[in-house]
Amino acid sequence: MSGSAMQPDRHDVALTVNGAAYRGRVESRMLLSDFLRHDLRLAGTHVGCEHGVCGACTVLVDGAPVRSCLMLAVQADGRELMTIEGLAGDAERLHPIQQAMHSHHGLQCGYCTPGILMTMTAFLKEHPSPSEHEVREALSGNLCRCTGYQNIVDAVLAAALTVRTSP
């Protein structure tokens, strides 16, 4: 190698995020969380621990919750992603889980909230009638330092009821 710096390995990616198609060129080592926050300017995906432990960076990839700080942007090529910005789908109305978190005071500082909402959205699709124990188990991968979790659990149970009884 001469005196110039080595050029980063870059790859083309094409993916759908919150229903919109994106194409871009990313470094092979770029994290999905960085791609979402910096390249796509979707700052609702929070980065807490950068080790996949706290769950703040959780997004849905093809409907499954994924820690975006542990996934490379190139791995999202051809995939469909949903971030917190796309959860409601309608700027005029909150998603039932968002409304329940608000109604049941399930958030305080809000830093963990996007990851919890994305995790619980996927969970409720798989478990439409969860018990309190099942909700707590599903929440175990998302850390919250403010709430003590009870209001979050109450909100998820209320959201499950709303989703089950909605036409």
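In this predicted model, the axes of helices H3 and H4 (residues 132–139) approach within 10 Å and cross at roughly 130 degrees. An angle over 145 degrees would count as roughly antiparallel and one of 65 to 115 as roughly perpendicular; H3 and H4 are therefore oblique to each other. Their crossing is right-handed. On the H3 side, the residues that meet H4 are Ile-116, Thr-119, Met-120 and Phe-123, and they face Glu-134, Val-135, Ala-138 and Leu-139 of H4. Sorted by class, this contact holds six nonpolar residues, one polar and one charged.

H3 has a further helical partner in H5 (residues 150–165). Here the axes come within 11 Å, with a crossing angle of roughly 40 degrees, which makes H3 oblique to H5. The handedness of this crossing is right-handed. H3 contributes Ile-116, Met-120 and Leu-124 to the contact, while H5 supplies Ile-152, Val-156, Ala-159 and Ala-160. In terms of class, the H3 and H5 contact comprises seven nonpolar residues, with no polar and no charged ones. Ile-116 and Met-120 of H3 thus appear in the contact with H4 and also in the contact with H5.

It helps to place these helices in the chain as a whole. The protein chain contains five helices and five strands, and, read from the N terminus, its elements follow the order β-β-α-β-β-β-α-α-α-α. Taken along the principal axes, the box filled by the C-alpha atoms is roughly 65 × 35 × 25 Å.

Turning to the strands, the five of them form an open sheet with mixed pairing, in the order E2-E1-E5-E3-E4. At its edges lie E2 (20–27) and E4 (64–67), each of which pairs on one side only. On average, and with direction ignored, neighbouring strands of the sheet are turned by 40 degrees against each other. Strands of a sheet pair through backbone hydrogen bonds, in either a parallel or an antiparallel sense.

Both senses can be followed from strand E1 (residues 10–17). With E2, the pairing of E1 is antiparallel and extends over eight bridges; one of the bridge pairs sets Val-13 against Gly-24 in E2. The hairpin of E1 and E2 has two residues between the strands, and in this hairpin Asn-18 adopts a positive phi near 55 degrees. With E5 (residues 80–82), by contrast, E1 runs parallel, and two bridges join the pair. Thr-16 has Glu-80 of E5 as its bridge partner.

Helix H3 also links this picture of the sheet to that of the helices. H3, which spans residues 113–126, lies across strands E3 (58–61), E4 and E5, and runs at about 35 degrees to E3. H3 is accordingly found against three strands of the sheet as well as in contact with H4 and with H5.

As for confidence, the protein chain has a mean pLDDT of 91, and 95% of its residues reach 70 or more. Confidence is highest in E5, at 98, and lowest in H5, where the mean is 92. The two extremes therefore fall on elements already met above: E5 is the parallel neighbour of E1, and H5 is a helix that H3 passes in a right-handed crossing.

Conventions
Residues numbered from 1 in each chain as written. Predicted model: local features only at pLDDT ≥ 70, side-chain atom pairs only at ≥ 80, totals over all residues. Heavy atoms only, no water. Pairing = 2+ DSSP bridges. Helix = DSSP H or I, 4+ residues; strand = E, 2+ residues; numbered from the N terminus. Axes fitted to C-alpha atoms, helices over the stretch in contact; angles between N-to-C directions. Contact = heavy atoms within 4.5 Å. Parallel < 35°, antiparallel > 145°, perpendicular 65-115°, else oblique. Left-handed = near helix turned anticlockwise from the far one by under 90°. Nonpolar A, V, L, I, M, F, W, Y, C, P; charged D, E, K, R; others polar. pLDDT = per-residue confidence, 0-100.
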